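Colleague: Before I rely on the descriptive words attached to this structure, could you take me through the reasoning behind them?

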Amino acid sequence: MVPNITYHIMFICTFVYTKYILVEVHTDNNWLWWKHGVIYHIYPRSFSDSNGDGIGDIRGIISKLDYLSNLGIDGIWLSPVYPSPMVDFGYDIANYQQIDPVFGTLTDFRELLDAAHSKRIRVIMDLVMNHTSEKHPWFTESRSSRDNPKRDWYIWKKGKRGNTPNNWKTVFGGSVWEYDHKTQEYYLHTFFKEQADLNWHNEDLKRTFFNGIKFWLDMGVDGFRVDVINLISKDTHFRDNPIPFGIPLLQKLRYNSNMPESYNIARELRSLLDDYSERMCVAEVYSVPPGDSAVAASYLDKGHNAMNMAFDFSLMLRGWSARKYFHSIRKWYSLIPESGWACNVLSNHDLHRNFDRFWYRRNKIEKARVSAMLLLTLKGTPFLYYGDEIGMRNARLKRKEILDPLGKLFWPFFKGRDKGRSPMQWTHEEHGGFSDCKPWLPVNDDYPELNVRSQERDKGSLFNFYRTLIALRKRYKALSKGEWSPLIRGKNGILVYLREFELEKLMVILNFSSRRKKVELPGNSTGKIVFSTHRVQEDEFFSEMMIAEPFEATLIEFPEAA
Ligand code: GLC
């Protein structure tokens, strides 16, 4: 038997170790999966169809976890899979604690969580707090009578002199107010009229909603992408928004965006997540004009680190120019508070494909490689959009094939968001291996040549380019954690920057132009090529002067860094 005094010493040591040392490691805020990992955005309808109804589903995602693991992904974000009438393809939620039958069941979802976790892949859900579907039972109750207890869970107002309560416009065009004949009041909807806005000033709603979030956290969901966080709270006096020069399209969202309460709610959400271990939230922040990185960054700080991360859309809205990219990146980093963390993104389900956007007709594949190297070597968590890793193109749809209500509404001026949502191209087989039957949106007709299977086999494919970069991001802490310092700031089409962490020092050289360029680099140390579109790996590199080939993307390591 262990003598009493030794036993006590052992006990104290174990206690101190577990309480302070282990907990310290666990809560090391500087080294969390969502900071050092790569996150992959799945649009579930279009990823993989397991049951042959032409629509992607959760079991389809489970069947592709090995693929994601092989690509090196650390987390997946699923666009909404909750029950929904699908007016806005899932962003109109009718039940926050269930899975839409089209995507599967709660059991399937739990299986996805377990299977993903067993492969060290985290799962992030989409959280739509601004609005519900008009078919949500809360709204059915709310609209049933003026004195229903849930009336105040939504935003109801009387008209003003026979008109709408104020001049606010929806994100999709037209007044935010919809008249409801039954109770003779207007309800507010920031998006389609089928998406009624919740009233976040109502404490009952807030409590119930937050309990719903716990449901997923208790199940093991690793975090949330929060839909339009900055729109969820509105001016309590419903004042008219200013309209510069009297042009309605220029309406400023002064009284229905970035209200103090939105920051408070963001902070409350963050504190709920912080009660659990290693959960995260990343905010979508809407602005007019789009891509206002200062507003996005304000959600990292204003609420005392309200959100873990926020999307900066400025990079994806830039034209193809090294200088413009540089300015976006530098501005974005300058806005991130010291305690905050950046994330970077080039595509999502609301935009056209990265591969086709702004890049005109020429050199798309070369540009795709340069932008992949950029995204995966920048400071901040990279978010990849499904299919970008194989260079999927925009869908070319006929008018009758358009499903996005926005496309139907604004055709032919704006053809909607379907273009960037076409089914994943897995193989050369019928329907691109996405489904056994006709998919909900047509598969791009280049699938026989452009698909995952063929790219997996081809060492020089875009898929393997992404895969190598993701692996390098894991190998070098300088890439996932290091400081970023620019050396050439876009001049002459060239962007060069360093990533440094402790003894690691890497240099990224990107030539955005279609011409060979003489590049003069500061310093004269000798490095080694780690990875390059044009140079041989392991070759030595002398960093004073180089000729960068057209669309060259090269990563160099300086092993001697002190
Ligand atoms: C977000 C989503 C978009 C959706 C909108 C309304 O912006 O990304 O797809 O239409 O919110 O929920």
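Colleague: Why is phenylalanine 191 called buried?

Modeller: In this predicted model, phenylalanine 191 has a relative accessible area of 9%, and since buried means under 20%, the residue is counted as buried. Phenylalanine 172 comes out at 11% relative accessibility and therefore also counts as buried.

Colleague: What makes phenylalanine 172 and phenylalanine 191 an aromatic pair, and why is the pair called edge-to-face?

Modeller: Their rings are 5.2 Å apart, centre to centre, and the rule asks for centres within 6.5 Å, while the angle of 65° between the planes is to be set against the limit of over 60 for edge-to-face. Both conditions are met, so phenylalanine 172 and phenylalanine 191 form an edge-to-face pair.

Colleague: Which parts of the chain does this pair tie together?

Modeller: Phenylalanine 172 lies in the loop between β5 (156–157) and β6 (177–180), and phenylalanine 191 in the loop between β7 (185–188) and β8 (195–197), so the pair ties together parts that are 19 residues apart in sequence. Phenylalanine 172 also belongs to the lining of the largest pocket, where it is one of the residues that lie nearest the centre, together with Val171, Tyr286, Pro290 and Leu406.

Colleague: What is the make-up of the lining of that largest pocket by class?

Modeller: The pocket, with a volume of about 1,300 Å³, is lined by 41 residues, and by class these are 21 nonpolar, 12 polar and 8 charged.

Colleague: How many aromatic pairs are there by this rule, and why is the pair of tyrosine 40 and phenylalanine 47 called edge-to-face?

Modeller: The count comes to 39 aromatic pairs. For tyrosine 40 and phenylalanine 47 the ring centres are 5.9 Å apart and the planes stand at 65°, so this pair is edge-to-face. Tyrosine 40 has a relative accessible area of 0% and is buried, and phenylalanine 47 is likewise buried at 0%.

Colleague: Which residues have the most contacts inside the largest nonpolar core?

Modeller: They are Tyr40 and Phe109, in a core of 148 residues. Leaving aside neighbours within four places in sequence, phenylalanine 109 is in contact with Ile58, Leu78, Ile99, Val123, Met125, Trp216, Met219 and Val221. There is also a second, separate core of 14 residues, which includes Val496, Leu521, Ile529 and Ile556. Phe109 is, in addition, part of a cluster linked by ring pairs, with Tyr82, Trp138 and Trp216 among the other members.

Colleague: How do you know whether leucine 249 is buried or exposed?

Modeller: Its relative accessibility is 78%, and because exposed means over 50%, leucine 249 counts as exposed. Its place is in the loop between β9 (223–226) and α8 (260–274).

Colleague: What makes helix α9 mostly covered?

Modeller: Of the 9 residues in α9 (residues 293–301), 7 are buried, namely Ser293, Val295, Ala296, Ala297, Ser298, Tyr299 and Leu300. These buried residues pack against α8, β11 (309–310) and α10 (322–335).

Colleague: Why is tryptophan 484 called buried, and which residues does it touch?

Modeller: Tryptophan 484, in strand β14 (residues 483–489), has a relative accessible area of 12%, which is to be set against the limit of under 20%, and so tryptophan 484 is buried. Not counting residues up to four places away in sequence, tryptophan 484 touches Phe326, Ile329, Tyr333, Leu378, Lys379, Tyr497, Leu498 and Arg499.

Terms used. Residues are numbered from 1 along each chain as its sequence is written. This is a predicted model: local features need pLDDT of at least 70, side-chain atom pairs count only at pLDDT 80 or more; totals for chains, interfaces and linings use all residues. Side-chain values use heavy atoms; hydrogens and water are left out. On a 1 Å grid over the protein atoms alone, a cavity is a set of points where a 1.4 Å probe fits but cannot get out, and a pocket is an open set with protein on both sides within 12 Å along at least five of seven lines; lining residues have an atom within 4 Å of a point. Grid points are joined across faces, edges and corners, and a volume is the space filled by probe spheres set on the points. Ala, Val, Leu, Ile, Met, Phe, Trp, Tyr, Cys and Pro count as nonpolar, Asp, Glu, Lys and Arg as charged, and the others, Gly among them, as polar. A nonpolar core is a set of buried Ala, Val, Leu, Ile, Met, Phe, Trp, Tyr and Cys residues joined through side-chain atoms within 4.5 Å. Buried means under 20% relative accessible area, exposed over 50%, partly exposed in between (1.4 Å probe, protein chains only). Contact means heavy atoms within 4.5 Å. Rings of Phe, Tyr and Trp (its six-membered ring) pair if their centres lie within 6.5 Å; planes under 30 degrees apart count as stacked, over 60 as edge-to-face and the rest as tilted. Helices (H or I, at least four residues) and strands (E, at least two) are DSSP runs, numbered from the N terminus.
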